[in-house]
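This report concerns the structure displayed below. It deals with the overall fold and then with one strand and its neighbours.

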Amino acid sequence: AVLQLLGRPPVPAVLDVSASAEELRRVVYISQSRRAFTQLELLTLCAGFAAANARCQITGVLVLAGNCFLQVIEGSPQAIEVLLRRIHTDPRHSNMSLLADEPIRRRSFAQWNMGCVYLHVRYEMSAGRWQNVLTELGQSLATGKDRRTELTQVIRSLPDVLGRLAA
């Protein structure tokens, strides 16, 4: 796995402590890429995303495992809504499904305008198997209370889930 951190330097978590649940929103989605991406292509995309996200005060991480994108984005509800409209129409992916959409008091990825994780694997998913991936990852996010830990576990488990369900 390759982890590339793009964006501003770490921001102390205390900056978000006073924010009310209505002021910040987190969205986690999964989608299928329409083509294979190299590590360099993904890092180049993420660098552009980090710059755009910095202007809108959006933070998060983008993971690519085979033909599966998983992204976490955090920011003001208005900024997230605008970004989601752009993401939804992006021709580089399809079958976008929300795994989580929630108000938050604190960012889990405050230090990254766009973290980037490239997992060098390749999976091809049928529609039925893709639905199984969505179900399993959705259940993983619905079980705990520590969202940052859950998100980390989902990201780490992504290759295993995809490998098991693609077989």
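The following paragraphs describe the chain as a whole and then turn to strand 4.

The model is predicted. The protein chain contains 5 helices and 6 strands, and its elements follow the order β-α-β-α-β-β-α-β-β-α-α from the N terminus. Of its 167 residues, 48% are buried. The exposed surface of the protein chain amounts to about 8,400 Å², of which carbon and sulfur atoms supply 55%. Among contacts between residues at least 6 apart in sequence, 84% join residues at least 24 apart.

Strand 4 covers residues 68-75, and 8 of its 8 residues are buried, so this strand is largely enclosed by the rest of the structure. With buried defined as under 20% relative accessible area, the description applies to residues pointing either way from strand 4: Cys-68, Leu-70, Val-72 and Glu-74 point one way, while Phe-69, Gln-71, Ile-73 and Gly-75 point the other way.

The pairings of strand 4 are listed below.

| Partner of strand 4 | Residues of partner | Sense | Bridges |
|---|---|---|---|
| Strand 2 | 24-33 | antiparallel | 8 bridges |
| Strand 3 | 59-65 | antiparallel | 7 bridges |

Individual bridges place residues of strand 4 opposite particular partners. Gly-75 of strand 4 is the bridge partner of Arg-25, and Val-72 of strand 4 is that of Val-61. Strand 3 and strand 4 also form a hairpin with 2 residues between the strands, in which Gly-66 takes a positive phi near 65°.

Methods: Residues are numbered from 1 along each chain as its sequence is written. This is a predicted model: local features need pLDDT of at least 70, side-chain atom pairs count only at pLDDT 80 or more; totals for chains, interfaces and linings use all residues. Side-chain values use heavy atoms; hydrogens and water are left out. Buried means under 20% relative accessible area, exposed over 50%, partly exposed in between (1.4 Å probe, protein chains only). Helices (H or I, at least four residues) and strands (E, at least two) are DSSP runs, numbered from the N terminus. Two strands pair if DSSP finds at least two bridges between them. Contact means heavy atoms within 4.5 Å. Accessible areas come from the Shrake-Rupley method with a 1.4 Å probe; for residues, only the protein chains shown count as cover.
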